[in-house]
Amino acid sequence: MNILNMIIAPELIVALTGFVVLITDLFIEDKKRHILGPIALIGILLASVSVCNLLPETSSMFGGRFVFDPVAGWFKLFFLLGAAFTVIFCWQSKAREKLPSTGEFYSVLMFTVVGMMFIISARDLITLYISLELATIPLFALAAWRKGDKLSGEAGLKYVIFGALASGLLLYGLGLLYGLSGSADLLVISQTITDSPALWLAGALILAGIGFKITMFPFHIWAADVYQGAPTVVTAYLSVASKSAGMAFMFQILFGIFGNALSEYGWLIAALATATMTLGNLVAIVQNNIKRFMAFSAISQAGYIILGFLGPFSESVPSMLFYLFIYVFTNMAVFGVIIYYSDTTGKEEIDDYKGLSRTNPAIAFVMMIGLFSLAGIPPLSGFVGKFFLFSIAAKAGYHWLVAVAAINSTVSLYYYLRIIRQMYMEPPAENAKKLPISKTLALTFLLTTLAVILLGVIPHVYETIQTQTTNWLPTLNQLP
Amino acid sequence: MGLVSWLFILPFVTALAVIMTPAGRSDLVRKIALAGTSLHLLLTGYIVYKFIQVATFSGEGVKEALITQLYLVEKITWFESLGIQYFVGLDGISLFMVVLTSIVIFTGILASWSVVERSKEFFALLLILVSGVFGVFVSFDLFMFFMFYEVAVLPMYLLIGIWGTGPKEYSAMKLTMMLMASSALILVGFLALYHGSGLETFDLIEISKVHFPIAFQNWVFPTIFIGFGVIGALYPFHTWSPDGHSSAPTAVSMLHAGVLMKLGGYGALRIGLYLLPEGAQNWALFFMGLTTINIIYGAFAAIKQKDLKFFTAYSSVSHCGFVLFGIVTLNMIGVKGAVIQMFSHGIMTALFFGLIGMVYGRTKTRIVTEMGGLAKVMPWLAVCFYVAGLASLGLPGLAGFIAESHVFLGGFIGNPWTDATTMRVLTVIATMSIVVTAVYVLRGLGQVFQGPLKEQFKTITDATLTEKISTGVLVATLAIVGLAPWFFIDLIEGAIYPLINRLSLNANTWMTF
């Protein structure tokens, strides 16, 4: 049996990479530690190739408990992409953002990625919960990675407490589901549950648990402090991969279990989406620290993605996956600049970006493109992604929600423009000079910017996702 | 790529060329920009020539047409599963608007000859903005239309924020926020049309074959009309306009008042009136009331202004009111007037703002009362200013007269769906604005150019060569349209028939074509 054709191959490769990095780290001289980054990158690359190799197949393992389908494949690509960017940024950090014991950092990162990759493939409650914990617990450690730093410690502690609470709620909800249906299998649950107060309670508890993961209102409170305190590389990873993992979990629960009833509870989704994006946007306006700012921006982005749950699978799944794909590149472009700027100058307030377009026009341009894409300005990919999501809401008849979402985009443009104003309209500080940049980082910026610009104009990615997922069914464990 | 695509590709390529020029070569930058826009003018001329060759202006079917006939069409599938196409083409109205934009950007580049501070970014942004404007005028796919619309609006923030004067950051932000919020309404309307048609396509022509239920039209029409109305300075959503125009640098004011505000009228006509005729019938009187306020309010507000730019900005609010007023008269002559007014106002305001920039560059003030007798030292600019002023008050022989007379005639003729008496009363009220316009134009011109020349202005020189070309082209255009309007009327008439014919169509026979 060819190991590369096993549907669990990508997970195995990533886990293996984690161990290889950890062991190499033990025996390597200090001076040569920088090769750990490329090793991790190669592992991620191999895993991505393996995922692409498996797409668009649908098959299962372990008696239907582990399923690889196109949706799972694309989610895995997002996690791997997010991890790849994180590794590159961590590897290229030279000064302030340089993390201690990078070898361990990479391996812990790999383990969270494995957890996330399992979430989207799991087809029963227990696997689902375990993979979620595997994805989350290493993240607590990552958030508190800078041992001496008070803020980082605070971030880790807050994250643990809120995370544990969320896990508890979630577990309770999943337990109730098990009690109601007598099975841990998602398909069986979706077929047996009937409307009852206990189901509502289960639903509410699960929603609260997931709400924490994807920073949905009103479970978003932890985000700002954790985003600010965690090392910036980790913040970047949290904002992209962790959010996608939460979305993956939400896919599993909402589409997998409640898929048939989803259209009846559109009002609830609409309300949550409205609250999440509006709160994220309004609070982002008053932030001064760019990491906190990005935390609220990420909250509002979660609100837009939730809109996708208003439609039937065949339409909403491609749009949501496409938006997540774009979001990975866009947010990583912005965070790349934030990490780079913080690393070279040690500054992370919005006002510190003043005059960047004079000293480093290319960097400022990358940032501007990233921010405009987040705000949904055409012809950038963020616009196209949002357009498709809004279209789903319109199709479901929520025209007022489209208006709310689009007005929210305008509000978000207001605060993204604050940064652009600093970069383009304010004169640089007197002693500001051109900052050096490594070739690898420059290349990464170039590629992400190109991706942000081109993904919206070139239809192939969306069409590929669309054709592969159009016949997707959320619970496919009846396959042999 | 076909001919029409080059209309928006060429400015974009020019913008890229501008960005590529080595630092510190602002002379080279503006030469490249000028070369690009001159080439564009030639391209537009060639396209007009081609259009006249292929288009049918009279004869069988033109007067009875219900579906817009497009020429020089290019259609490529884009996002296949969502029914999004790359779909560009031209009809008479869009061609007319393309000609306008091409002239305004050419003169705008000449008028910003003296911009040296960060000139690379300035010209690049200016060209990207126009590229978006051209895109809107030639797109017949709603997705593309919306995409280009936002591309056209956003560069304004940086253009005003960086190179503007006065409270530029406030104005830039206010303008961007109001226009972006209005585009939210447009988006709601577009998505409603897309899903409401049930065709799964953004193709404007295909959607136009569908008859939407009256209740649907009744809420989508005002959404779209107000959405576009904001950029067309519809009262009470015009407030971004005076602030924005007064803070913007010369070329940006020219483009914004001259071309960008036309996107509002164009969108209201092309999407609102064309796709939702019955919605238009039901809302016509309401919007006619608003636009009458526009016309009168803009004119009275202009009287009070001391700053030349505010003065022109309010006069723009008044004149853009004519465009929207003409559209909601819902008859051939009124809509024709609206389209000509878009063109004539575009050229006229571009001339106004260009001249204000040139005068300000010499006197360092824009306050009317601080100037005086300037005609003695700058005769060329003074003459041009007078021509613009006279066009603005509707002097026969200039473009403004043709446009305004059509609009008022249209208002007086009325339509079967609106109460004729109310319409006539509103038209009479709107017509009175001409008198008010005459007051503020003549008084303003008198204060600036007549009377004793102030001591500090004695050393001022007249227009340079680039400025003469810039203003000369605009003055000539105003005169040509004013003296030989039939050519332009022929051009747009064929495109207006489908818009008007749909209004009187019986709903039952709708789906048969």
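1. pLDDT is the predictor's confidence in each residue, from 0 to 100. Chain A averages a pLDDT of 87, and 98% of its residues score at least 70. This is a predicted model: local features need pLDDT of at least 70, side-chain atom pairs count only at pLDDT 80 or more, and totals for chains, interfaces and linings use all residues. Residues are numbered from 1 along each chain as its sequence is written, while chains are lettered from A and ligands numbered from 1 in the order in which they are written.

2. Confidence in chain A bottoms out in strand β1 (residues 59–61), at a mean of 81, and peaks in helix α15 (residues 361–375), at 91. Helices (H or I, at least four residues) and strands (E, at least two) are DSSP runs, numbered from the N terminus.

3. Treat residues 476–480 of chain A separately. Their pLDDT stays under 50, and the model gives them 15 contacts beyond four places in sequence. A contact means C-beta atoms, placed from the backbone, within 7 Å.

4. Chain B puts 26 residues into its contact with chain A, which supplies 23. On the chain B side, α7(B) provides the largest share, 14 residues. That side divides into 19 nonpolar, four polar and three charged residues. Ala, Val, Leu, Ile, Met, Phe, Trp, Tyr, Cys and Pro count as nonpolar, Asp, Glu, Lys and Arg as charged, and the others, Gly among them, as polar.

5. A:Phe390 has contacts in both chains. Leaving aside neighbours within four places in sequence, A:Phe390 touches A:Leu307, A:Val402, A:Ala405, A:Ala406, B:Leu187 and B:Leu191.

Technical notes:
Contact = placed C-beta atoms within 7 Å.
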